[in-house]
Amino acid sequence: MVDLQRQEDLLREQRKLEDSLQQGHRNIHQVIALIEVWEIDPAEKELTHGNPRVYEKFKQETKRILLISTTEDVEGTKRDPRWLLLKGRSKPPQVKEKKHIKELESIELTETKGNTLKLTFTFFGSKQHVVYLLAEQRAQLMEVLWWAIQTCQYYFKFLPASNLNKREIDNLTMEWNAYMAQEEIDGADGYPSITPLMSHTQVQILKMLMMDSKEDEKADRERKSTYQVHVKLSSEESKTIEVFLQESGLHVEDIHLLEEYLNNELAEMENKNIQALFGAENRTTTGVIIDKMGEIEGLVHEIATWMARYEDSLDEMRKGVRKIEARNKKLKVQEQNHQRLQNYLARLLSLLRLDNRTTSDLRRPDFRNKLKEMLAAASALQKTMNILLDPGIEHIKAVKERRQSHRTMAKTFTGKAFEFLSEYFNKLAHSRITEIKHSERGGMNPLSAAGGGGGGGR
């Protein structure tokens, strides 16, 4: 809701300044909005930490009045809305800078490192104009910028580009629409009104908003009446609609008339509720509600200010969270790939693995007592060593270590086998030689005896 007392004070200040402006014979200078600003940031460290008197003098000398105003002739046909920067201490006010509102290209509001706001106006074909305000002036500033935007819309049917908080602008539009609606309903019933304090242009802008709002509502109703939606109705809902149609004397094909009738009934009920709310009987209760709504509005503005102040930090936090999420996804993929690789290596090494008994037989072979087991172990080792793998797999460290272990066992086993066979054949040869010598000492040549035996056969 519009704070009427605050708006009344602002409007009186506007009219007071308006009276001090130079008025032409046929042209009427009307103030639409104003606010005190500085051309240099008053929170600069080299100034705030210096001499207080110098600082206050600096603030006074750089203080300006940002003005949104228009000049109309007495017939109200020739209009010239302007953006002006007045010297704050001059009487009558002197114009330091001025631009036509129709040349306004964009509005940018940012926060400085100190407790100030930086407001930048950019005009077509010209340099930027920068002014500064204290942070606690934000609510008043948003109203001034709202009037500047509505002035562009009213005179030239365009909106300048801006980074302003859309929610704050929309809330102000709703508040002034609500005020005008109440003025229309109860304007002659003793309801507090600030309209007489407004300039002609301000009233016309608010009426334009009111007409646009009504046209939007009408267009929305027409759209709803022509837009058909196929909805599944329950049996109870169907019966209720049939009862309404019978009571209204309508048929099913006339259901759009029923919808229009019900919408009109709802609008009338809402109108009566608004009238009852602001009627004489409920005026006290309504005043209490409005006062509380003002407090709530102040809290909402504080929250909006806080959100705007920390919006950059929140954006950085969002970016950081997105980076962390992306990194977590990559780590998850890496973990999955690592797990798959571990499983693959486990299966691969199981193919190259020998059981403990075979490994023990290969490392400590016993050819005298377990010749068959030794031969089986050698066969298992040979099969394992003959398993063919891809060249890339062969370069894996675990595979190379396993292959080296097999080669070491094969070398050990063959060495032991060589020693055993050498010893065995030496013993066998020595035994045979001994037998031959014994035969010779007995007077019989084993070779000739074998031959004589053959001759006797003949």
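Leaving out residues within four places of it in sequence, leucine 117 is in contact with Leu109, Thr110, Glu111, Val131, Tyr132, Leu133, Leu134, Ala135, Arg138 and Leu141. This leucine belongs to strand β6, and leucine 117 is buried, with a relative accessible area of 2%. One of its partners, leucine 141, stands 24 residues away along the sequence, and the C-alpha atoms of leucine 117 and leucine 141 are 9.8 Å apart in space. The model in which these contacts are found is a predicted one.

**The chain and its confidence**

The chain has 458 residues, of which 29% are buried, and its secondary structure comes to 15 helices and eight strands. When contacts between residues at least 6 apart in sequence are considered, 58% of them join residues at least 24 apart. The mean pLDDT of the chain is 78, with 82% of the residues reaching 70 or more. Confidence in the chain is highest in strand β6 (residues 116-123), at a mean of 90, and lowest in helix α15 (residues 446-457), at a mean of 45. Over residues 447-458 the pLDDT is below 50, and this stretch has one contact in the model beyond near neighbours in sequence. Where pLDDT is low, the predicted coordinates should not be read in detail.

**The nonpolar cores**

In soluble globular proteins, nonpolar side chains tend to be buried together. In this model the largest nonpolar core has 45 residues, and those with the most contacts inside it are Leu119 and Phe121. Helix α4 (residues 138-156) supplies the largest share of this core, 11 residues. Apart from this core lies another, of 11 residues, among them Leu362, Phe367, Ala377 and Leu381.

The surroundings of phenylalanine 121 can be listed in the same way as those of leucine 117. Once its neighbours within four places in sequence are set aside, phenylalanine 121 is in contact with Leu66, Trp83, Leu104, Ser106, Ile107, Gln128, His129, Val131 and Leu145.

Among these partners, isoleucine 107 has its place in strand β5 (residues 104-111). Not counting residues up to four places away in sequence, isoleucine 107 touches Leu119, Thr120, Phe121, Leu145, Pro160, Ala161, Ser162, Asn163 and Leu164. The C-alpha atoms of isoleucine 107 and histidine 129, which are 22 residues apart along the chain, are separated by 10.0 Å.

**Buried and exposed residues**

The table sets out the accessibility of four residues.

| Residue | Relative accessibility | Class |
|---|---|---|
| Isoleucine 107 | 2% | buried |
| Leucine 117 | 2% | buried |
| Lysine 157 | 60% | exposed |
| Threonine 201 | 0% | buried |

Threonine 201 is found in helix α6 (residues 200-226), and, leaving aside its neighbours within four places in sequence, threonine 201 is in contact with Gln30, Ile32, Thr70, Glu72 and Tyr155. Lysine 157, by contrast, counts as exposed because its relative accessibility of 60% is over 50%. Lysine 157 lies in the loop between α4 and β8 (161-162), and its phi is near 60 degrees, a positive value in a residue other than glycine.

**A pair of helices**

How do helices α11 and α12 lie with respect to each other, and at what angle do they pack? Helix α11 (residues 356-363) and helix α12 (residues 371-385) pack at an angle of about 105 degrees, with their axes 9 Å apart. Angles from 65 to 115 degrees count as roughly perpendicular, and α11 and α12 are therefore roughly perpendicular to each other. From α11, the residues Arg357, Thr358, Asp361 and Leu362 meet Glu373, Met374, Ala377, Ala378, Ala380 and Leu381 in α12. By class, this contact of α11 with α12 has six nonpolar, one polar and three charged residues. Leu362, Ala377 and Leu381, which take part in the contact between the two helices, are also among the residues of the core of 11 residues.

Technical notes: Residues numbered from 1 in each chain as written. Predicted model: local features only at pLDDT ≥ 70, side-chain atom pairs only at ≥ 80, totals over all residues. Heavy atoms only, no water. Axes fitted to C-alpha atoms, helices over the stretch in contact; angles between N-to-C directions. Helix = DSSP H or I, 4+ residues; strand = E, 2+ residues; numbered from the N terminus. Parallel < 35°, antiparallel > 145°, perpendicular 65-115°, else oblique. Contact = heavy atoms within 4.5 Å. Nonpolar A, V, L, I, M, F, W, Y, C, P; charged D, E, K, R; others polar. Core = buried A, V, L, I, M, F, W, Y, C linked by side-chain atoms within 4.5 Å. Buried < 20%, exposed > 50% of the residue type's maximum accessible area, 1.4 Å probe, protein only. pLDDT = per-residue confidence, 0-100.
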